[in-house]
Amino acid sequence: MKKKTVLLLLCCLLPTSAFSDELTVRVQLADGAGPVTGAVVYIKDASRVAPLRAEVIQKDRMFHPHISILPVGSSVDFPNRDNTQHHVYSFSPAKTFNLELYAGRPEAPVVFDQPGIVELGCNIHDHMQAFIVVADTRAIGQTNEQGEVTLALDFGASQTPGSLNLNIWHPRLPDNTRSVVREIDGASLANATTETVSIELKPEPRHEGPLDHLQKRFREL
């Protein structure tokens, strides 16, 4: 199975006396095929974010959104808007849970109280997959269609750190249960040096084609 290499070009404009309050990361394919959309990039700094209440909806036998980014302690509802039942679960170390066969909305949300990558599945429809990235930092974001994301950094009153851990995650990483971690030299960032990091991605997965009218009627039985 052919793998592609992704280059992360870290473009920083920092004063020589201190860290900038922003870091722009550009993610692109090394073979020139274009930018990478949907990569999650984060740095653990001094910031913290209050927990949120969110939803991961099941509609047309898919999870929406496919990737969620949430602070530690957030709670998530899993409403089922299909006319068939779903069985949502996760075996991920960051959060293991099981919502047995149901329609409508479960009685209580699921609380994600540990940082990490949580992979979601449906025990009835194997093709259904989604991810929740649970983080304990505000310096996190997802790349746009241009393959870029700008992180807001907050190191408080502390001086420039000696090193930083840049975390990169994408659902097509060879091991998508954890992020790829690269150490960045703090001095090089303060001097506005561009860091280049390469990661490997698996090819795009095949998706089921649209169902015709008879197939839809059969699945609704």
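**Entry 1: overall make-up**

I began with the secondary structure of this predicted model, and I noted two helices and 18 strands in the protein. I then looked up burial, and 44% of the 221 residues count as buried. For the contacts with a separation of 6 or more, I found that 61% join residues 24 or more positions apart. The accessible surface comes to about 12200 Å², and carbon and sulfur atoms hold 49% of that area.

**Entry 2: the nonpolar cores**

Before listing members I reminded myself that in soluble globular proteins nonpolar side chains tend to be buried together. The largest nonpolar core here has 30 residues, and those that touch the most other members are Val40, Ile43, Val133, Leu151, Leu153 and Trp169. I traced the elements that give two or more residues to this core, and they are β2 (22-29), β3 (40-43), β13, β15 (148-152), β16, β17 (180-185) and β18 (195-201). A second, separate core of 20 residues also turned up, with Ala54, Val56, Val118 and Cys122 among its members.

I followed Trp169 further, leaving aside its neighbours within four places in sequence, and found it in contact with Ala39, Val40, Ile67, Ile117, Phe131, Val133, Asn176, Arg178 and Ser179.

**Entry 3: leucine 70**

Next I turned to leucine 70, which lies in strand β7, residues 67-71. Is leucine 70 buried or exposed? Its relative accessibility is 8%, under the 20% cut-off, so leucine 70 counts as buried. Apart from neighbours within four places in sequence, leucine 70 is in contact with Leu52, Ala54, Val76, Ile132, Val133, Val134 and Ala135. I also checked leucine 70 against phenylalanine 112, and the two are 42 residues apart in sequence while their C-alpha atoms are 8.6 Å apart in space.

**Entry 4: backbone between β5 and β7**

For this stretch I kept in mind that most residues other than glycine have a negative phi, and that most peptide bonds are trans. Aspartate 60 sits in the loop between β5 (57-59) and β6, and its phi is near 55°, a positive value in a residue other than glycine. Arginine 61 is found in the loop between β5 and β6, and it too is not a glycine yet has a positive phi, of about 55°.

I then asked which of the terms buried and exposed applies to aspartate 60. With 55% relative accessibility, over the 50% cut-off, aspartate 60 counts as exposed. Arginine 61, by contrast, has 12% relative accessibility and therefore counts as buried.

Further along, I found that the peptide bond from histidine 64 to proline 65 is cis, with omega near 0°. Proline 65 has its place in the loop between β6 (62-64) and β7.

**Entry 5: the second largest pocket**

Finally I looked up the second largest pocket, which holds about 190 Å³ of space. Its lining is made up of Tyr42, Lys44, Pro115, Gly116, Ile117, Val133, Val134, Ala135, Asp136, Asn165, Asn167 and Ser179. The elements that give two or more residues to this lining are β12 (116-122), β13 (129-135) and β16 (163-169). Which element gives the largest share of the lining? That share, three residues, comes from β13. By residue class I noted six nonpolar, four polar and two charged residues in the lining.

I marked Val133 for a second look, since the name recurs in my entries: Val133 lines this pocket, touches many members of the largest core as one of those with the most such partners, and is in contact with leucine 70 and with tryptophan 169.

Conventions: Residues are numbered from 1 along each chain as its sequence is written. This is a predicted model: local features need pLDDT of at least 70, side-chain atom pairs count only at pLDDT 80 or more; totals for chains, interfaces and linings use all residues. Side-chain values use heavy atoms; hydrogens and water are left out. On a 1 Å grid over the protein atoms alone, a cavity is a set of points where a 1.4 Å probe fits but cannot get out, and a pocket is an open set with protein on both sides within 12 Å along at least five of seven lines; lining residues have an atom within 4 Å of a point. Grid points are joined across faces, edges and corners, and a volume is the space filled by probe spheres set on the points. Helices (H or I, at least four residues) and strands (E, at least two) are DSSP runs, numbered from the N terminus. Ala, Val, Leu, Ile, Met, Phe, Trp, Tyr, Cys and Pro count as nonpolar, Asp, Glu, Lys and Arg as charged, and the others, Gly among them, as polar. Buried means under 20% relative accessible area, exposed over 50%, partly exposed in between (1.4 Å probe, protein chains only). Contact means heavy atoms within 4.5 Å. Accessible areas come from the Shrake-Rupley method with a 1.4 Å probe; for residues, only the protein chains shown count as cover. A nonpolar core is a set of buried Ala, Val, Leu, Ile, Met, Phe, Trp, Tyr and Cys residues joined through side-chain atoms within 4.5 Å.
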